[in-house]
There are 2 protein chains.
Amino acid sequence: MKKNITIADSELPIMKILWEKGTLTSPQIFENMHGNKSTLKTLLQRLVTKGAVTAKENTSRTYLYTAAVTQQEYINSERKSFLQKAFDGSAKKMLLNFVQEEKITKEELQQLIDMIEEG
Amino acid sequence: MKKNITIADSELPIMKILWEKGTLTSPQIFENMHGNKSTLKTLLQRLVTKGAVTAKENTSRTYLYTAAVTQQEYINSERKSFLQKAFDGSAKKMLLNFVQEEKITKEELQQLIDMIEEG
DNA sequence: CAAACAAGACTACAGTTGTAATCTCAAAAA
DNA sequence: TTTTTGAGATTACAACTGTAGTCTTGTTTG
């Protein structure tokens with residue numbers, strides 16, 4: 001059974017950097033970010049503990065950090081959770097709602113259809 | 001400034017019943033649900049404390065509960081949060097992802113366009 | 001009226017989250 | 001070599017969550 005790794009909102013910025021840049025040392029991660037260093041260290045630590053990020057020994061006393069959960073896995077998990085909570089799991093209901101709330105235009109829908117047809 | 005009321009996952013089933021049925025007593029809420037009664041009481045209590053549900057005195061010692069946050073408000077809040085976390089706030093990116101992941105078909109997109117055109 | 005019932009109030013408790021300070025100690029700098 | 005630095009480890013702590021038990025007391029039942 002695969003354990004369900006949850007990425008907290010505060011931890012997400014770190015994941016985004018790792019998804020974008022690949023493998024980095026902690027200073028490299030942090031220089032791409034704002035916020036209190038101590039807090040960031042804690043969040044990175046937690047991600048490692050959870051298994052969302054792997055830490056491979058680099059020089060003694062430092063590590064190279066890499067995302068162990070892919071962005072698509074994260075998105076899939078968030079999508080499922082969102083659809084379930086707000087639309088009983090139905091992507092169709094959601095779409096309808098987005099259209100009604102005007103978060104999506106007819107033009108955008110048409111572009112997608114065109115995209116699909118082009119393959 | 002409006003306070004940001006957060007509805008926890010465990011509390012959502014109660015909200016869903018209130019959204020569906022309107023105003024109910026706690027026994028009426030609970031008879032529509034599964035789960036430990038004591039836990040449900042706690043969750044209902046928390047919803048009242050948060051202001052997500054209002055409790056109007058009924059007979060002495062009992063209340064009538066009503067959702068104070070609408071389902072659409074909840075959905076909007078979840079939508080914003082989901083789009084932000086997974087797609088930098090872009091509904092378009094999300095749609096593209098759904099199409100790629102085959103959560104939405106060309107036919108469904110076409111139906112929506114037709115719906116918009118009919119008004 | 002006495003006993004049982006139960007809605008709501010109060011208490012409990014561990015895990016997660018957001019936020020951050022302090023401690024350790026090897027490596028870099030002076 | 002002595003000092004400084006800083007990555008990582010450890011500790012802190014309150015709010016929120018998930019889950020559930022106990023206490024109070026008015027109401028219902030026998």
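**Protein around DNA strand D**

Reader: Which class of residue, nonpolar, polar or charged, has the highest count on the surface near DNA strand D?
Author: This is a predicted model. The surface near DNA strand D has five nonpolar and eight charged residues. The remaining class has 10 residues: polar.

Reader: Which element gives the largest share of the surface near DNA strand D?
Author: Chain A supplies at least two residues from each of helix H2 (26-31), helix H3 (37-50) and strand E2 (63-67). In chain B, helix H3 (37-50) also supplies at least two. The largest share is six residues, and it comes from H3(B).

Reader: Which residues come nearest to DNA strand D?
Author: There are 23 residues around the strand. Those that come nearest are A:Ser26, A:Gln45, B:Ser10, B:Ser38 and B:Thr42.

Reader: How much of the DNA strand D atoms within 4 Å of the protein is sugar and phosphate?
Author: The count takes the atoms of DNA strand D that come within 4 Å of the protein. Sugar and phosphate account for 56%.

Reader: Which side chain has an N or O atom 2.7 Å from a base nitrogen of DNA strand D?
Author: A:Tyr65 has a side-chain N or O atom 3.4 Å from a phosphate oxygen. B:Thr39 places a polar side-chain atom 3.2 Å from a phosphate oxygen. The base nitrogen is paired with the side chain of B:Arg46.

Reader: Which chain B residues is A:Met94 in contact with?
Author: A:Met94 is among the residues touching the most other members of the largest nonpolar core, which has 68 residues. Beyond four places in sequence, its chain A contacts are A:Phe82, A:Leu83 and A:Phe87. From chain B come B:Met94 and B:Phe98.

Notes: Residues are numbered from 1 along each chain as its sequence is written. Chains are lettered from A and ligands numbered from 1 in the order in which they are written. This is a predicted model: local features need pLDDT of at least 70, side-chain atom pairs count only at pLDDT 80 or more; totals for chains, interfaces and linings use all residues. Side-chain values use heavy atoms; hydrogens and water are left out. A nonpolar core is a set of buried Ala, Val, Leu, Ile, Met, Phe, Trp, Tyr and Cys residues joined through side-chain atoms within 4.5 Å. Buried means under 20% relative accessible area, exposed over 50%, partly exposed in between (1.4 Å probe, protein chains only). Contact means heavy atoms within 4.5 Å. A residue is near a molecule or strand if one of its heavy atoms lies within 4 Å of it. A polar contact is a pair of N or O atoms within 3.5 Å; within protein, one must be able to donate a hydrogen and the other to accept it, and residues adjacent in sequence count only if both atoms are side-chain atoms. Helices (H or I, at least four residues) and strands (E, at least two) are DSSP runs, numbered from the N terminus. Ala, Val, Leu, Ile, Met, Phe, Trp, Tyr, Cys and Pro count as nonpolar, Asp, Glu, Lys and Arg as charged, and the others, Gly among them, as polar.
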